[in-house]
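Ready for a few exercises? Have a look at the structure first, then try each task before reading its solution.

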Amino acid sequence: MTTPLISGVLAGAILSGTSLLYATLGETIVERAGIVNLGLEGILLIGASTGFATAAATGSAWLGLLVAALAGGLANLLFGWLVVSRRANQLASGLAMMFFGFGLSALVGTPYVGAVIKGLPKWRPAWLAPLPWVRNSTLFNYDLLTWMALPVAVLVWWALFRTRWGLGVRAVGESPAAAFAAGRSPGLLQYQALGAGGVLGGLAGAHLSLSLTLTWAEYMTAGRGFIAIALVIFSKWHPLRAVAGALLFGGAEALQLQLQARGSDFSPFLLEMFPYLLTILVLLAWGGARRLAAPAGLGRTFYGSE
Amino acid sequence: MKQRLGSILTALALGLTAQAQTPRLVIGAVYVGGVNDYGYNRSFHDALTQVARDVPGVKLLEAENVPESGEAERVMEGMIQHGARLIFPTSFGYQDSARKTARRHPEVCFEYAGDGAATKNFGVFFGSTQAAWYPMGVAAGKMTKSNKLGFVLGLPIGYALGNVNAFQMGARSVNPKAQTVVVVTGGWSDKAKEAGAANALLDQGCDVVGMHVDSPATIIQAVEARGAMSIGFQSLEARALAPKGWITGLGFTWTPFFTRIANEVIAGKFRGEAVYQGLGQMVAVAPFGASVPADVQKLVNAAAAKVANGFNPFTGPLRNNQGSMVLPNGATVGADQMGDMNWYVEGVIGKVR
């Protein structure tokens with residue numbers, strides 16, 4: 001029984017897009033507050049390894065998920081201490097955080113390499129099971145993180161664009177001085193954005209180790225943190241467009257694997273390049289549009305009101 | 001940062017283990033990954049631990065996660081300072097570091113897992129797995145119901161293509177309808193893509209999946225979760241990952257060779273040689289899974305015995321999967337020429353790029 005190409009690609013896109021989406025949503029919140037975290041790859045790795053180590057040590061994938069989220073949040077707060085409180089350069093600090101993440105995740109994960117864990121439980125609605133094209137694929141057989149991916153994207157959109165908190169975060173990202181003059185505390189809002197973004201980054205890593213692969217290996221994220229940073233730009237700092245972006249990037253990977261499994265002659269390298277070409281096209285087409293531009297204060301350090 | 005941390009930890013580990021009473025032989029082992037990976041690194045760790053238990057007076061120093069850079073040289077120097085007289089650089093990428101260190105220390109013996117020339121104190125060895133995949137194909141060809149077998153490859157190097165080809169030829173020998181579908185992930189350890197590749201193969205109706213990546217754990221578990229069967233590689237222990245779908249697999253058995261080398265070094269008779277051994281020596285068939293019927297086990301064991309006794313599946317006439325003759329009648333590809341293989345045999349679905 002073979003599955004149609006479209007359902008295979010969709011299934012693969014959703015599986016590999018889940019972690020991309022969480023990471024992108026996290027980075028979107030952070031960048032909306034005016035901070036670029038190039039260390040996202042390290043945050044993902046910390047989430048993946050602490051989550052896996054906890055699940056292996058305690059036997060509970062749920063506990064692993066919790067620890068991964070906390071570890072991701074804490075790592076981002078540490079980054080916040082560098083760039084908000086100590087006003088260090090964001091790009092340099094981000095790269096330092098990435099290497100910190102490599103080292104820390106390896107240190108935490110090494111004793112658990114090869115451990116066998118029971119991953120996050122998966123659940124498929126009973127009324128979908130009789131359909132053969134569903135039963136013979138991974139479609140709709142998801143863990144909590146995948147089921148919640150879309151609701152979380154809507155939640156992030158709502159928090160950023162429909163709440164007073166989100167207005168404050170976006171104001172800080174555009175002009176910290178103006179936000180400060182309006183009575184908001186830029187530092188506090190940035191810490192909050194970093195904490196939330198770190199939790200989402202930790203969950204993204206946990207999805208890789210606790211559900212998708214059920215293993216820990218050093219540098220297992222293989223660049224997904226950087227893809228997520230590209231996705232933030234691709235989606236023009238918007239949480240709902242990030243859903244489309246994550247599916248597209250995840251789908252490109254799934255498509256090339258599915259085409260190979262069908263014996264197609266199409267070059268897998270060309271397909272892997274496709275999302276990046278699209279990112280460049282998006283930048284060319286809408287790069288200059290004011291409404292879709294990056295937060296004006298992105299990457300700039302706020303030195304206070306003096 | 002990562003490397004700095006690694007070297008501090010290595011120094012610490014060496015310092016802690018250096019204080020025992022003088023052994024007859026200290027063996028140093030350098031690994032590129034963690035030893036508990038159900039794969040490549042674990043196979044060396046298991047064998048050397050066995051040697052340290054079996055041969056009296058042998059002490060083992062191990063360094064894990066050593067990058068294939070100048071770092072490896074420093075780790076080997078550290079081991080020599082702590083008394084190591086036999087060193088196993090177990091990853092292909094250690095070649096330069098190991099050869100340099102060996103030239104500086106003619107009193108230390110090296111056994112390098114790779115290829116190239118052997119010298120007086122520098123031996124080269126590896127297990128030839130290609131022909132050993134033939135009995136794996138026999139197992140898969142008998143167990144499949146869809147007649148579609150899947151194979152996940154890290155990178156399409158000649159040795160890996162040889163594994164796939166022998167697998168397909170073994171399957172064809174018992175099942176004329178068998179095909180092998182290959183998916184290349186583009187790296188030896190990209191776990192998320194390995195899961196995606198396994199899912200893509202199962203989506204296409206493959207019901208048995210083999211692999212050539214560093215650690216088979218992700219693929220075996222992904223296949224098991226969807227109720228299909230797997231053939232493992234790199235470690236004889238991977239059966240634990242698939243209680244239902246495990247058929248059999250190939251692993252490395254380095255212990256007899258390592259024991260011989262350790263005894264030679266102790267007796268002062270070590271001479272570097274190039275040693276490549278296949279099924280029955282450095283390579284072994286893993287235990288069968290519960291679902292494999294006795295008659296299939298018998299067929300697989302017979303095919304394995306045939307290969308161990310010198311049968312070479314890479315004997316012409318052989319056509320590639322484009323239909324052209326690649327090996328004329330009677331011509332063969334030996335274990336030492338596998339690195340140059342650049343074609344898939346008839347029945348493999350995939351293209352060498």
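**Exercise 1.** Find out which residues of H10(A) are buried, and what covers them.

*Solution.* Start with the list: Arg224(A), Gly225(A), Ile227(A), Ala228(A), Ile229(A), Leu231(A), Val232(A) and Phe234(A) are the buried ones. Keep in mind that this is a predicted model. Next, set that list against the whole helix: H10 of chain A spans residues 224-234, and eight of its 11 residues are buried, so it counts as mostly covered. Finally, look around it: the cover includes helices H1 (5-32), H2 (40-58), H11 (239-261) and H12 (268-286) of chain A.

**Exercise 2.** Go to the loop between H10 and H11 of chain A and work out whether Trp237(A) is buried or exposed.

*Solution.* Walk off the end of the helix: after H10(A) comes Lys236(A), with a positive phi near 55°. Trp237(A) sits in the loop between H10 and H11, and its phi is positive too, near 60°, though it isn't a glycine. Now for the count: 22 other C-beta atoms lie within 10 Å of Trp237(A), and the cut-off is 20 or more, so this residue is buried.

**Exercise 3.** Do the same for Asn65(B): where is it, and is it buried or exposed?

*Solution.* Asn65(B) is found in the loop between E2 and helix H3 (70-81) of chain B. Its phi is positive, about 55°, and again the residue is not a glycine. With 21 other C-beta atoms within 10 Å, Asn65(B) is buried.

**Exercise 4.** Lay out the open sheet of six strands in chain B, and say which strands stand at its edges.

*Solution.* Read across the sheet: the order is E2-E1-E3-E4-E5-E11, with parallel pairing. The edges are E2 (58-63) and E11 (274-277); each has a single partner strand, so one side of each lacks a neighbour in the sheet. On average, neighbouring strands are turned by 20° against each other, direction ignored. Then zoom in on one pair: E1 (residues 25-30) and E3 (residues 84-89) run parallel and are joined by five bridges. Within that pair, Ala29(B) stands opposite Phe88(B).

**Exercise 5.** Describe the side of chain B that touches chain A: which element gives the most to it?

*Solution.* First the totals: 35 residues of chain B contact 37 residues of chain A. At least two residues each come from H1 (2-17), E7 (179-184), H7 (191-203) and H8 (217-225) of chain B. H7(B) gives the most, with 10 residues. Sorted by class, this side of chain B has 15 nonpolar, 12 polar and eight charged residues.

Note on methods. Residues are numbered from 1 along each chain as its sequence is written. Chains are lettered from A and ligands numbered from 1 in the order in which they are written. This is a predicted model: local features need pLDDT of at least 70, side-chain atom pairs count only at pLDDT 80 or more; totals for chains, interfaces and linings use all residues. Two strands pair if DSSP finds at least two bridges between them. Helices (H or I, at least four residues) and strands (E, at least two) are DSSP runs, numbered from the N terminus. Axes are lines fitted to C-alpha atoms, for helices over the stretch in contact, and angles run from 0 to 180 degrees between N-to-C directions. A residue is buried if 20 or more other C-beta atoms lie within 10 Å of its own, exposed if 12 or fewer, and partly exposed in between; C-beta atoms are placed from the backbone. Two residues are in contact if their C-beta atoms, placed from the backbone, lie within 7 Å. Ala, Val, Leu, Ile, Met, Phe, Trp, Tyr, Cys and Pro count as nonpolar, Asp, Glu, Lys and Arg as charged, and the others, Gly among them, as polar.
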